[in-house]
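I opened this entry to look up how the ligand is held and what the protein around it looks like. My notes follow in the order in which I checked things.

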Amino acid sequence: MLEELATIEADALIALTPLEDEASLEAFRIEYLGKKGRLTAAAAGMRHLSKEEKPAAGQKLNEVRTAITSALDAKASALQAAADAAAVAGIDVTLPGTPIPTGALHPISQVLDRSIAIFRRLGFALATGPEIEDEFHCFDALNTPEDHPARNEKDTFYFGDGRLLRTHTSSVQVRTMEDQAPPVRIIAPGAAYRRDEIDATHLSQFNQLEGLFIGEDVSLADLKGTLEYFFRAMFGEDTEVRFRPHFFPFTEPSLEIDIKLHAAGKTAKWIEIAGCGMVDPAVLEQVCQSRGDRLYDPEKFTGFAFGMGLERIAMIIYGIPDIRHLIENDTRFLSQFS
Ligand code: DAH
């Protein structure tokens with residue numbers, strides 16, 4: 001019996017040596033360690049042994065089983081290691097990886113995010129309104145007479161049923177006051193549309209940022225302080241901000257804002273950047289009529305409003321010479337701002 005077991009062990013170790021693949025290892029396992037394998041057969045012979053012979057035979061059986069099992073395991077892992085090495089042979093693991101292209105925010109989105117953050121610090125909430133508007137919210141409520149050039153067929157996209165693409169975000173002023181009780185302190189960024197010839201400084205769809213502050217005793221000084229703060233935060237602390245008298249139908253007085261940038265190596269010049277003014281009492285009166293109450297009584301409330309173009313701001317901040325770059329989605333251009 002002991003001899004037989006020794007022979008099985010010796011046979012097994014010789015048989016294992018040349019094996020090279022999983023299938024032959026499995027055949028080997030079945031032949032030696034399987035239920036009908038040689039060790040099991042030898043173990044069956046135990047019952048013919050005398051009581052004295054049994055313990056030694058049992059011990060030898062276990063030793064042989066362990067020896068064959070661990071030789072098989074060692075062989076299997078050696079084969080696996082060789083296969084792994086073969087799989088990466090010829091691959092230079094020190095080469096840099098292939099970069100995965102990442103997206104980035106469009107310059108307009110970056111300017112918008114910064115603007116919102118600055119106005120949020122001043123307590124302005126975000127408001128929205130529809131891009132498809134009616135003449136009341138776009139013009140009439142904003143004190144813009146029938147014969148105003150902005151209402152011209154040539155300048156505005158009309159649908160022919162009284163609706164139009166809003167020519168400015170100022171319509172959101174009216175919608176916000178219709179929906180909310182005063183005081184109001186909102187900014188309303190969004191698209192505006194005009195039938196402009198597209199060139200280096202004009203698009204027919206562009207982005208504005210509107211602002212409205214209505215409360216008791218809101219003054220021109222509040223307007224100036226707010227917008228000076230905004231433009232300095234946006235363009236740099238030493239930016240000069242200038243207010244010039246202007247005309248808008250919905251504000252009185254109305255002003256235009258210029259900024260003067262002190263960029264290194266460039267001669268500073270004044271650039272028009274926004275329109276603003278004190279909300280015309282006629283606008284508050286229209287809102288009262290539309291609401292059917294006196295909550296926005298112009299005897300009680302005053303306020304200021306402003307509007308600016310986001311493309312213009314982005315072009316100044318990033319030195320973009322042509323507004324059309326902003327809508328062409330050429331990643332060679334856009335990736336400069338990532
Ligand atoms: N809506 C004006 C435009 O599109 C910009 C503007 C001027 C908005 C003065 C205002 C304002 O709120 O007070 O040119």
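I began with the ligand in this predicted model, and noted that one of its oxygen atoms is 2.6 Å from an N or O atom in the side chain of Glu210. I then looked up how much of the ligand is covered, and found that the protein takes up 89% of the 350 Å² of accessible area that the ligand has on its own.

Next I followed the nitrogen atoms of the ligand. A polar side-chain atom of Ser170 lies 2.9 Å from a ligand nitrogen, and a polar side-chain atom of His168 lies 3.0 Å from a nitrogen atom of the ligand.

I listed the surroundings after that. There are 15 residues around the ligand, and those that come nearest are His168, Ser170, Arg194, Gln208 and Glu210. Sorted by class, this shell has eight polar, five nonpolar and two charged residues. Strand S5 (205-215), strand S8 (270-279) and strand S9 (302-309) each supply at least two residues of the shell. When I checked the pockets, I found that the space taken by the ligand is the largest pocket.

I went back to His168, which I placed in the loop between strand S3 (163-165) and helix H7 (171-179). Is His168 buried or exposed? Its relative accessible area is 11%, and because the cut-off for buried is under 20%, His168 counts as buried. Apart from the ligand, I recorded that the side chain of His168 reaches the backbone oxygen of Cys138 at 3.0 Å.

For another loop residue I looked up Thr239, whose place is between helix H8 (220-235) and strand S6 (240-248). Its relative accessibility is 2%, so Thr239 is buried. Which backbone oxygen does the side chain of Thr239 reach? I found that it is the one of Gly236, at 2.7 Å.

My last check was on helix H10 (residues 310-318), where I noted Leu310, Glu311, Ile313, Ala314, Met315 and Ile316 as buried. As a reminder to myself, an α-helix has 3.6 residues a turn, so residues three or four places apart point the same way. Just after H10, I noted that Gly319 takes a positive phi of about 65 degrees.

Methods:
Residues numbered from 1 in each chain as written. Predicted model: local features only at pLDDT ≥ 70, side-chain atom pairs only at ≥ 80, totals over all residues. Heavy atoms only, no water. Buried < 20%, exposed > 50% of the residue type's maximum accessible area, 1.4 Å probe, protein only. Helix = DSSP H or I, 4+ residues; strand = E, 2+ residues; numbered from the N terminus. Near = heavy atom within 4 Å. Polar contact = N/O pair within 3.5 Å; in protein donor to acceptor, adjacent residues only side chain to side chain. Areas by Shrake-Rupley, 256 points an atom, 1.4 Å probe, with all protein chains shown as cover. 1 Å grid on protein atoms, 1.4 Å probe; cavity = no way out; pocket = protein on both sides within 12 Å on 5 of 7 lines; lining within 4 Å. Sits in = over half its atoms within 2 Å of the grid points. Nonpolar A, V, L, I, M, F, W, Y, C, P; charged D, E, K, R; others polar.
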